[in-house]
Amino acid sequence: MDRMNRAIPPSTAYLDHLVAETAGRREALTGASAGSGASSSSGAFAVGGPGAVGQAGAGLPDGGAPAAQVSAVEHAAEELEPELAEIVRRLHEDPETAFEEHRSAATLVEVLARHGVEAQLGAHGVPTAFRAEVGDAAGPTIAICAEYDALPGIGHACGHNVIAASGVGAFLALHDVMTSADAPAGRVVLLGTPAEEGHTGKEVLARNGALEGIDAAIMVHPYGLDVADQVWLGRRLLTWTFTGRPAHASAQPYMGRNALDAASLAYQAIGLLRQQMPPVDRVHATIAEGGTRPSIITERAVVHLYARSKYADTLRDLSHRLDDIAHGAARMTGTDVEITWDDGAHPSLPVRTNRALTDRWVSAQRRRGRDPLPAGVLSETLAASTDFGNFSFRIPGIHPLVQVSDPDVALHTAEFAAAAATPAAVSAAVDSTAGLASTALDYLYDAGLRAAVHDEFAEEGGPVDVETYFD
Ligand SMILES: [Zn+2]
Ligand SMILES: [Zn+2]
């Protein structure tokens, strides 16, 4: 019998439209901001809407760190290129998954040690986390995050090896300035943050005190484009376990209560709910257990779900709707349901991007010859999730994207894994090293910038009690 997969290949029409729309918005920006000299570039970013970075070339803020210190970290980033290439390559060749990144963490600690930096491995109660710091804790403190976990089976298909190189590189570039006579007041902390993929390692670190005394956090993620700001959805894991009553399905079916019926009704209800959900909310589910034999009324059915939403409060609303669906399905079928949210993990919050810090990142990247796209250029329907959101609701932060691949290559594919080990990945790590270091310096040197960063954070609601947010 022919076992060929006859599933109908999806049309790429919608995806093609998205790509074309993104290219059009990008074209409108670069066409206008390149300018002919005759026209002002103001307004070029209007396409980004109110969340856009909002500054064309000359409009980016002045101030920040002294030029000599900025040049010093940019020069240091270039000097570090061989070691950044080494990190990119070594982690890529030996991928390790969440909470198992022992060799990756050891490699990064080893590179730091070469430069006389003593990092603490196993920081904040997580064996594969690490932490290093330089400067004076009495002053303002900014953290740089380095991720290094890979995906099961497909390796560094999210390019966290590039994040690791960029974070370690930025800390090393800053280390010289922070130990010089002209050092700014304050401190730089490097946080090695494991277990982003499928987990919420940063929430574990935060609950174990990793952010105590830290005022802001920055990181970068590789992608198919340079992007200053993009939507990242909050995400929660959910399990429904329906319990019924078994019975002989032919002889005494009326003596049974069917847990698979409950799971099936709940699954249908999610489909109906979708029509009434906010447009970029996502619910995806699998039925992991649905009974043992057709002749026995199913006693136990298990459904695993992810729920995602653009805002923290809409994720909470969506959670309540899903609770109602599970209870409703159980009621209709006379079964019981156990609802387990965030099973053994923690929720991921959406990313709250700090625009004042983003502006510094954009300035720094333009000096490297990159021009990150402002918010609103990429379609928000492309959104995924990251545990950096949990940091960004506690302290101001940024999570911009740096280009390592062609724009049409998606994260979590074999093609992206290949791109994460190319010369483009190394040059992204060098530019990100310079960008993160320069952004951190601006924050430490410029009191006006710090005020703007924290005013903006307060206006957006200030710190959220992430631990109890969904209770
Ligand atoms: Zn990923
Ligand atoms: Zn990632």
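Let's start out at Glu78, which is partly exposed with a relative accessible area of 42%. Its side chain meets that of Arg368 in a salt bridge, 3.0 Å from N to O. Keep in mind that this is a predicted model. Beyond that pair, the things to look at are two zinc ions bridged by Cys158, a largest pocket with about 1,000 Å³ of space and a nonpolar surface patch.

**Salt bridges around Glu78**

- Arg368 sits in the loop between α9 (355-367) and α10 (388-392), while Glu78 belongs to helix α2 (residues 67-79), so their salt bridge ties together parts that are 290 residues apart in sequence.
- The pair doesn't stand alone: Glu78, Asp226, Arg368, Arg370 and Asp431 are linked in a network of salt bridges.
- Over the whole structure, the count of salt bridges comes to 26.

**Two other salt bridges**

- Arg114 pairs up with Glu110 in a salt bridge, with 3.1 Å between the closest N and O atoms.
- This one stays inside a single helix: Arg114 and Glu110 are both in α4 (residues 102-114), four residues apart, which is about one turn of the helix.
- Both ends are partly exposed, Arg114 with a relative accessible area of 43% and Glu110 with 35%.
- Glu133 and Arg187 make another salt bridge, and here the closest N and O atoms are 2.9 Å apart.
- That contact links distant parts of the chain, since Glu133 is in strand β2 (residues 130-135) and Arg187 in strand β4, 54 residues apart.
- The two partners sit in contrasting surroundings: Glu133 is partly exposed, with a relative accessible area of 40%, whereas Arg187 counts as buried at 7% relative accessibility.

**Zinc ion (ligand 1)**

- Its protein donors are Cys158 (SG), Glu197 (OE) and His412 (NE2), lying 2.0 to 2.3 Å from the zinc ion (ligand 1).
- Along the sequence, the donor residues of the zinc ion (ligand 1) follow C-x38-E-x214-H.
- Glu197 is in the loop between β4 (187-192) and α6 (201-207) and His412 in the loop between β12 (401-403) and α11 (414-419), so this pair of donors ties together parts that are 215 residues apart in sequence.
- Glu197 is buried, with a relative accessible area of 11%, but His412 counts as partly exposed at 40% relative accessibility.

**Zinc ion (ligand 2) and the bridge**

- Cys158 (SG), His160 (NE2) and His221 (NE2) coordinate the zinc ion (ligand 2), at 2.0 to 2.3 Å.
- The spacing of the donors of the zinc ion (ligand 2) along the chain reads C-x1-H-x60-H.
- Cys158 comes from the loop between β3 (141-146) and α5 (160-178) and His221 from strand β6 (residues 221-223), so the two tie together parts that are 63 residues apart in sequence.
- Cys158 and His221 are both buried.
- Cys158 turns up in both donor sets, and it bridges the two zinc ions, which lie 3.1 Å apart.

**The largest pocket**

- The space in the largest pocket amounts to about 1,000 Å³.
- Its lining takes in 46 residues, and Tyr223, Leu382, Ala384, Ala410 and Leu411 lie nearest the centre of the pocket.
- α1 (13-34), β6 and β8 (282-289) each supply at least two residues of that lining.
- Which element gives the most to the lining of the largest pocket? That's α1, with six residues.

**The nonpolar patch**

- Leu260, Tyr267 and Ile287 form a nonpolar patch on the surface, and together they have about 250 Å² of accessible area.
- Leu260 is in helix α7 (residues 259-274).
- Leu260 counts as partly exposed, at 31% relative accessibility.

**One more spot in β4**

- Gly192 is another residue of strand β4, and Gly192 is buried, with a relative accessible area of 1%.
- Between the C-alpha atoms of Gly192 and Val162 there are 13 Å, and the two residues are 30 apart along the chain.

Conventions. Residues numbered from 1 in each chain as written. Chains lettered and ligands numbered in written order. Predicted model: local features only at pLDDT ≥ 70, side-chain atom pairs only at ≥ 80, totals over all residues. Heavy atoms only, no water. Donors = N, O, S within 2.8 Å, 3.2 Å for Na, K, Ca; no water. Buried < 20%, exposed > 50% of the residue type's maximum accessible area, 1.4 Å probe, protein only. Patch = residues over 30% accessible without salt bridge, like charges linked within 9 Å, V, L, I, M, F, W, Y side chains within 5 Å. Areas by Shrake-Rupley, 256 points an atom, 1.4 Å probe, with all protein chains shown as cover. Salt bridge = Lys/Arg side-chain N within 4 Å of Asp/Glu carboxyl O. 1 Å grid on protein atoms, 1.4 Å probe; cavity = no way out; pocket = protein on both sides within 12 Å on 5 of 7 lines; lining within 4 Å. Points joined across faces, edges and corners; volume = space filled by probe spheres on them.
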